[in-house]
Amino acid sequence: MSENNHSDDINWGPATGVGSMPGGDAREAARTVTGSFEDFVHLPELPARGPGADMVGRTLGLLVEVYARVEPSGWRVGDRPGRDTRRSHAWLREDLDALEEYTQGYSGVLKVQAVGPWTLAAALELRGGEAALGDAGACRDLAASLAEGLRGHLADVRRRVPGARVVLQLDEPSLTAVLRGRVRTASGYRTHRAVDRQVVEGALRDVLAAHDGPAVVHSCAPDVPFALLRRAGAAAVSFDFGLLTERDDEAIGEAVEGGTTLFAGVVPSTDAALSDPAGSVMGVRTLWRRLGLNPGSLADSLVITPTCGLAGASPAYARRALAHCVKAAKSLADNPE
């Protein structure tokens, strides 16, 4: 396993959010997140504000010497920073200002999210209109630019919230599709060929190494490659618990025994009736029993989260969902059996 995962020396909080929140008010989102979690807050993302506040556009704004603009088909590489880049920078600054305001004196864990190199390569079009994913050199350049941009971004976050333990989360919802050759070309008739697993792992390792601290990789797609992410240096893996199958048992058992923390997405990320908190983590207890793991290790090995970002939820439900994560984690700690 990679040496840079730093998992042993962090006390993760019991629950946190994935990233995105509903609405467009940065101060309201920061207040909700900091009010919901005592010791594991995250920088909210507000994609409802439009291009540049979306997950991909926001990360493209972090890149160094790579610029992108919005086309009808999505984000495309441009020659220079334009209006879309400036907008992306402005939204991020607004979010950081709001977070800084609500984290005065904060000394817990603070998570910031960015799109990982492979989901970025699948989403960003080169000048000809095809995804960067189809060009190995472009993928390398993108990963290097992202690593450099993240170094600056994380340093800024540490300056703004000096007491916090900063954690980096890479969002990789397209990772499984990249590994399996399922990302469609621009025409839609073909798919890009599968990227070699070692190449995928290497780029992830390089980007994760930009952060001198613990990192999480998040994917709300099925078939999360747990072992690959651990080898790349992820101290934790964040996933939609409802998408696990018994095929994942061995990889999860090995991850837990190897000290990897699991961010289990058990609370629905769009408006739904919420069960009692103990009911939300019943599947986790069942999994632990099935794997023969010590129930006493549950609270230490798990962070409870929503299944994915909350951008599609109503503001009232988003607040309830975050509070429910905290209650579900408490129920697990109080009664691991």
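**Contacts, burial and hollows, argued from the cut-offs**

Author: Start with Thr-119 and Glu-172, whose side chains make a polar contact of 2.6 Å. The model is predicted.

Reader: What makes the 2.6 Å between Thr-119 and Glu-172 a polar contact?

Author: A polar contact is a pair of N or O atoms within 3.5 Å, one able to donate a hydrogen and the other to accept it. The side chains of Thr-119 and Glu-172 come to 2.6 Å. That is within the 3.5 Å limit, so the pair counts.

Reader: Why is Thr-119 called buried?

Author: Buried means under 20% relative accessible area. Thr-119 has 4%, so the label applies. The residue is part of helix α4, residues 117–123.

Reader: Which residues does Thr-119 touch, leaving out those up to four places away in sequence?

Author: Asp-171, Glu-172, Pro-173, Ser-174 and Leu-175.

Reader: Where is His-324, and how do you know whether it is buried or exposed?

Author: His-324 is in helix α13, residues 315–334. Its relative accessible area is 6%. The cut-off for buried is under 20%, so His-324 is buried.

Reader: Which side chain does His-324 join in a polar contact?

Author: That of Ser-280, at 2.7 Å. The limit is 3.5 Å, so this pair passes. Ser-280 is also among the residues that His-324 touches beyond four places in sequence, with Val-267, Leu-274, Ser-275, Asp-276 and Pro-277. As for Asp-276, 48 residues separate it from His-324 in sequence, and the C-alpha atoms are 8.5 Å apart.

Reader: What joins Ser-73 to Glu-125?

Author: A side-chain polar contact of 2.8 Å. Ser-73 sits in the loop between β2 and β3 (74–78). Another pair gives a C-alpha distance: Ser-73 and Ala-132 are 59 residues apart along the chain and 14 Å apart in space.

Reader: Why is Thr-32 called buried?

Author: Its relative accessible area is 10%. Buried means under 20%, so Thr-32 qualifies. The residue is in helix α1, residues 26–36. Beyond its neighbours within four places, Thr-32 contacts Met-21, Arg-319 and Leu-322.

Reader: Is Glu-65 buried or exposed, and how do you know?

Author: Exposed means over 50%. Glu-65 has 68%, so it is exposed. Its place is the loop between α2 and β2 (67–71). Glu-65 has a positive phi of about 60°, although it is not a glycine.

Reader: What makes Asp-223 partly exposed?

Author: Its relative accessible area is 22%. Under 20% is buried and over 50% is exposed, so 22% falls in between. Asp-223 also has a positive phi of about 60° and is not a glycine. Its loop runs between β6 (215–219) and α8 (226–232).

Reader: Which residues touch the most other members of the largest nonpolar core?

Author: Trp-118 and Leu-133, in a core of 94 residues. Apart from it lies another core, of 10 residues, among them Phe-40, Val-167, Val-216 and Ala-236.

Reader: What does Trp-118 contact, leaving aside neighbours within four places?

Author: Its partners include Leu-133, Cys-139, Glu-172, Leu-175, Val-195 and Val-199. Some of these names return in the largest pocket. Trp-118, Ala-136, Cys-139, Val-195 and Val-199 are the closest to the pocket's centre among its 21 lining residues.

Reader: How many residues of each class line the largest pocket?

Author: There are 11 nonpolar, five polar and five charged residues. The pocket's volume is about 390 Å³. Helices α5 (136–160) and α7 (197–208) each supply at least two lining residues. The largest share, six residues, comes from α5.

Reader: What makes a space a cavity, and how many of 30 Å³ or more are there?

Author: In a cavity, a 1.4 Å probe fits but cannot get out. Three of 30 Å³ or more are counted by this rule. The largest holds about 60 Å³.

Reader: Which elements each supply at least two residues of the lining of the largest cavity?

Author: Helix α2 (55–60) and strand β4 (109–115). The lining includes Met-55, Arg-58, Thr-59, Gln-113, Ala-114 and Val-115. Also in the lining are Leu-43, His-153 and Asp-171. By class, the lining has six nonpolar, three polar and three charged residues.

Reader: Why do His-153 and Arg-58 fall into separate classes?

Author: Asp, Glu, Lys and Arg count as charged, so Arg-58 is charged. His is not on the charged or nonpolar list, so His-153 counts as polar.

Key:
Residues numbered from 1 in each chain as written. Predicted model: local features only at pLDDT ≥ 70, side-chain atom pairs only at ≥ 80, totals over all residues. Heavy atoms only, no water. 1 Å grid on protein atoms, 1.4 Å probe; cavity = no way out; pocket = protein on both sides within 12 Å on 5 of 7 lines; lining within 4 Å. Points joined across faces, edges and corners; volume = space filled by probe spheres on them. Helix = DSSP H or I, 4+ residues; strand = E, 2+ residues; numbered from the N terminus. Buried < 20%, exposed > 50% of the residue type's maximum accessible area, 1.4 Å probe, protein only. Contact = heavy atoms within 4.5 Å. Core = buried A, V, L, I, M, F, W, Y, C linked by side-chain atoms within 4.5 Å.
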